[in-house]
Amino acid sequence: MANWIGRLPLVSRLLLANGAVIVAGAMAGTLLTRKLADQSPLSLALAFALVGVALSLLLNYAVLAYTLRPLSSLTTTVDQVQDGHTSVRARLKADQDPEIARLSLALNTMLDRLAAHTATIEANQEQLRALSIKVISAQEEERRRIARELHDDTSQALASLLIQLERMDSAIPAELDELKQRLASARELTLQTMNGLRLLVADLRPLVLDDLGLVPAIRWYAKNRLEPEGIDVEFEADPDLPRLAPAVEIALFRIAQEAISNIVRHADASLVRLKLGCNHDVSLMVEDDGAGFDDRLVQASPTGEHMGLFGIRERVAALGGRLEVASAAGRGTTLRVLLPAYEGSE
């Protein structure tokens with residue numbers, strides 16, 4: 001009997017319930033009329049009304065609570081999904097109202113499709129992250145190769161040229177002033193070329209990063225890039241910072257390099273603070289007291305002079321990290337990066 005009633009549509013249940021309430025009310029009224037026939041009409045009417053209303057409310061409450069219980073279960077399921085528990089599913093019963101069963105089945109189907117779609121997106125993001133890391137690693141390897149060749153071959157050739165020019169200058173008689181001036185100009189041009197080449201090698205792949213590690217590399221680059229521009233540098237590093245995976249060290253150095261270059265080009269700052277630490281994840285902070293900018297506009301249109309910040313976002317996303325940029329016009333900029341440490345070598 002209960003199973004048969006449970007399979008009835010919701011409207012049919014409510015009609016049956018209200019019909020039962022009417023019948024029960026009529027029967028109760030008849031019994032009360034017989035028992036209270038010798039009472040006054042007013043007492044009889046009041047008693048009949050009170051009992052009828054109480055019985056009607058009681059039965060309606062019981063029927064509605066029983067009938068709408070599956071809807072309450074669906075509401076609970078939806079609330080859990082909104083709270084982030086996407087693995088929950090609506091319960092299906094054999095004696096369930098067919099309309100509610102269809103609704104539960106539709107909800108479960110939607111949740112299954114959502115789960116499958118989310119899994120596909122996560123898999124694609126993981127593949128894209130792995131591909132991005134491979135591309136970045138390939139770029140860095142090519143940078144390293146070019147930097148080594150420039151350092152070992154071109155720099156040595158220029159050094160040899162400078163030595164030859166000095167020997168020629170010493171061999172030329174003092175009275176040949178014009179020739180000596182030309183040699184001096186050639187030496188000066190050679191020195192300028194060597195200095196420019198040294199900066200180019202540092203931008204491509206600072207050898208100090210390979211030889212000494214991340215902390216000396218960032219400290220060296222910040223001082224050599226900022227102090228000649230009249231910008232004071234404060235650098236703080238965690239003394240217990242371990243040697244990180246090469247991909248993480250390269251990413252952090254490139255992020256610091258790009259942030260420092262942006263400060264030199266756009267910020268008009270007088271002080272830059274850098275902080276490097278590690279607590280499960282490795283963190284990098286670059287803060288300046290310069291002109292600042294509206295980060296909302298940069299996020300809406302990452303083009304032009306703010307492509308460097310867009311590149312930083314891409315590097316951080318490729319390693320599964322988090323980037324925070326706080327800036328306002330005239331109030332400077334603070335850039336914070338948090339990356340998984342992945343200690344050790346690869």
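## Exercises on a predicted model

Leaving aside residues up to four places away in sequence, Arg-254 touches Glu-140, Arg-143, Asp-203, Leu-204, Arg-205 and Arg-315. The model you see is a predicted one, and the exercises below start from this arginine.

### Exercise 1: two arginines

Task: Find the helix that holds Arg-254, decide whether Arg-254 is buried or exposed, and do the same for Arg-315.

Solution:
- Step 1. Locate Arg-254 in the structure; helix H9 is where it lies.
- Step 2. Check its accessibility. The value for Arg-254 is 6%, so this residue counts as buried; the cut-off is under 20% relative accessible area.
- Step 3. Turn to Arg-315, which belongs to helix H11. Its relative accessible area is 17%, and Arg-315 is buried too.
- Step 4. List the contacts of Arg-315, again without residues up to four places away in sequence: Ile-136, Glu-140, Ala-251, Arg-254 and Ile-255. Glu-140 also appears among the residues that Arg-254 touches.

### Exercise 2: the length of a helix

Task: Work out what span helix H6 (residues 177–204) should have, and compare it with the distance between its end C-alpha atoms.

Solution:
- Step 1. Take the 28 residues of H6 and a rise of 1.5 Å a residue. The expected span is 1.5 Å times one less than the number of residues, which gives 40 Å for H6.
- Step 2. Compare: the end C-alpha atoms of H6 are 40 Å apart, so the two values agree.
- Step 3. Look at which residues of H6 are buried: Leu-183, Thr-190, Met-194, Leu-197, Val-201, Ala-202 and Leu-204.
- Step 4. Find their packing partners. These buried residues pack against helix H5 (98–171), H8 and H9.

### Exercise 3: the sheet

Task: Put the strands of the five-stranded sheet in order, and explain why E1 and E4 each have one side without a neighbour.

Solution:
- Step 1. Reading across the open sheet, the order is E1-E2-E3-E5-E4, and the pairing is mixed.
- Step 2. Strand E1 (232–237) and E4 are at the edges; each has a single partner strand, so one side of each lacks a neighbour in the sheet.
- Step 3. On average, neighbouring strands are turned by 10° against each other, with direction ignored.
- Step 4. Now add a helix: H9 packs on this sheet and touches E2, E3 and E5, its direction making about 10° with that of E3.
- Step 5. Follow E5 to its partners. With E3 it pairs in the antiparallel sense over eight bridges, and Asp-288 stands opposite Thr-333 of E5. With E4, the pairing of E5 is antiparallel over six bridges, and here Ser-327 stands opposite Thr-333.
- Step 6. The hairpin of E4 and E5 has five residues between the strands, and Gly-330 there takes a positive phi near 80°.
- Step 7. Check how covered E5 is: six of its eight residues are buried.

### Exercise 4: the nonpolar core

Task: Say how many residues the largest nonpolar core has, and which element gives the largest share.

Solution:
- Step 1. The largest core holds 43 residues, and Leu-252, Leu-276, Val-337 and Leu-339 have the most contacts inside it.
- Step 2. Elements giving two or more residues include helix H8 (214–226), strand E3 (281–288) and strand E5 (333–340).
- Step 3. H9 gives the largest share, 11 residues.
- Step 4. Follow Leu-276 outwards: beyond its neighbours within four places in sequence, its contacts include Leu-214, Ile-218, Leu-241, Leu-252 and Leu-284.
- Step 5. Finally, look for a second, separate core of eight residues, among them Ala-147, Leu-150, Leu-158 and Met-194.

How values were computed. Residues numbered from 1 in each chain as written. Predicted model: local features only at pLDDT ≥ 70, side-chain atom pairs only at ≥ 80, totals over all residues. Heavy atoms only, no water. Core = buried A, V, L, I, M, F, W, Y, C linked by side-chain atoms within 4.5 Å. Buried < 20%, exposed > 50% of the residue type's maximum accessible area, 1.4 Å probe, protein only. Helix = DSSP H or I, 4+ residues; strand = E, 2+ residues; numbered from the N terminus. Contact = heavy atoms within 4.5 Å. Pairing = 2+ DSSP bridges. Axes fitted to C-alpha atoms, helices over the stretch in contact; angles between N-to-C directions.
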